Amino acid sequence: MTIKTLLFDLDGTLIDSNELIVESFRYTLKKHTDRDYSRDEILPFIGPPLRDTMEKVDPNQVDELMATYREHNLSNHDAYIKMYDGVYEAIRELHEDGYPMAIVTTKIQSSAQKGLELTGLDKFFDVIIGLDNVEEAKPSADPVLRGMRALNGDVESTIMIGDNSHDIEAGQNAGVKTAAVGWAAKGHDYVKSFNPDYILDDMSDLLDIVKG
């Protein structure tokens, strides 16, 4: 198999935003529900579109919950965001070798751009497919196919890399190869249960897969 086109989820895959997300949810839910949510209760909220999660929390306060979450997330963004070890070096090498790469995320495009710029990864990605660029979010195939087509890729030679169930399922629904990162917040066994084609213990593993 030859891989020519690479699609990446952002949060939890390339950049470590897990604590930012957890704290934003914790602050928001305490403010609007007056209940302290545990970390284990919040972890399932990481990944799906924000509106979907807030509808489950309280369908009568969705807009208020989202506004508070985004305000907290934006104001604390730079203090929490960091890159996972080995990510910058691997992405730079793939870029220098000429592999087309895109971000496919459930964040809105401007938020994803902010994270890329903060970590210096923005220079490697010309295409960002955000929540505001699609009709249906992951696990729909739509975001993956849009990212692939934006890079002039095809199903047979594209891979989707992510840290959550919806990343793997979106890739599978689109018919592309999939890779899950072993450093996912929900754990190695969790991502393995969705049967990705590969599991990466380090981002350098992707170089071996692509070049091998």
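Throughout this tour, buried means under 20% relative accessible area, exposed means over 50%, and partly exposed is what lies in between, with a 1.4 Å probe and protein chains only. The model is predicted, so local features need pLDDT of at least 70 and side-chain atom pairs count only at pLDDT 80 or more, whereas totals for chains, interfaces and linings use all residues. Residues are numbered from 1 along each chain as its sequence is written, and side-chain values use heavy atoms, with hydrogens and water left out.

**Stop 1: the loop after α1**

Select Asp34, in the loop between α1 and α2 (39-42); helices here are DSSP runs of H or I with at least four residues and strands are runs of E with at least two, numbered from the N terminus. Asp34 counts as exposed, at 60% relative accessibility, and has a positive phi of about 55° although it is not a glycine. Most residues other than glycine have a negative phi, and most peptide bonds are trans.

**Stop 2: helix α4 and its neighbours**

Next select helix α1 (residues 18-33) together with α4, which pack at an angle of about 145° with their axes 9 Å apart. The axes are lines fitted to C-alpha atoms, for helices over the stretch in contact, and the angles run from 0 to 180 degrees between N-to-C directions. α1 passes α4 in a right-handed crossing; a crossing is right-handed if the near helix is turned clockwise from the far one by less than a right angle, and left-handed if anticlockwise. Residues in this contact (heavy atoms within 4.5 Å) include Leu20, Phe25 and Tyr27 of α1 and Leu65, Tyr69 and His72 of α4. By class, the contact of α1 with α4 divides into eight nonpolar, eight polar and four charged residues, where Ala, Val, Leu, Ile, Met, Phe, Trp, Tyr, Cys and Pro count as nonpolar, Asp, Glu, Lys and Arg as charged, and the others, Gly among them, as polar.

Keep α4 selected and add helix α3 (residues 50-57), which packs with α4 at an angle of about 125°, with the axes 9 Å apart. α3 and α4 are therefore oblique to each other, given that angles under 35 degrees count as roughly parallel, over 145 as roughly antiparallel, 65 to 115 as roughly perpendicular and the rest as oblique. Among the residues making the contact are Leu50, Met54 and Val57 of α3, and Val62, Leu65 and Met66 of α4. The contact of α3 with α4 has seven nonpolar, no polar and four charged residues.

Now exchange α3 for helix α6 (residues 109-119), which packs with helix α4 (residues 62-80) at an angle of about 20°, with their axes 11 Å apart. That makes α4 roughly parallel to α6. Leu74, His77 and Asp78 of α4 meet Lys114, Gly115 and Leu118 of α6, a contact of two nonpolar, two polar and two charged residues.

**Stop 3: the nonpolar cores**

Which residues touch the most other members of the largest nonpolar core? Select Leu6, Phe8, Leu14, Ile91, Leu94 and Phe125, which do so among its 33 residues. A nonpolar core is a set of buried Ala, Val, Leu, Ile, Met, Phe, Trp, Tyr and Cys residues joined through side-chain atoms within 4.5 Å. Elements that each supply at least two residues of this core include β1 (5-8), α5 (87-96) and β4 (101-104). Apart from this core lies another, of 16 residues, among them Ile21, Tyr37, Leu43 and Ile46.

**Stop 4: around helix α7**

Move to Pro139, in the loop between β5 and α7, where the peptide bond from Lys138 to Pro139 is cis, with omega near 20°. Then select Pro143, found in helix α7 (residues 142-150) and buried, with a relative accessible area of 3%. Not counting residues up to four places away in sequence, Pro143 touches Val104, Ile129, Val134, Glu136, Ala137 and Lys138. The buried residues of α7 pack against β1, β4, β5 (127-129), β6 and α8 (165-174).

Continue into the loop between α7 and β6, where Asn152 lies. Asn152 has a positive phi of about 60° although it is not a glycine, and counts as exposed, at 72% relative accessibility. Ser157 is found in the loop between α7 and β6, but is buried, with a relative accessible area of 6%. Ser157 touches Thr2, Ile3, Lys4 and Thr5, not counting residues up to four places away in sequence.
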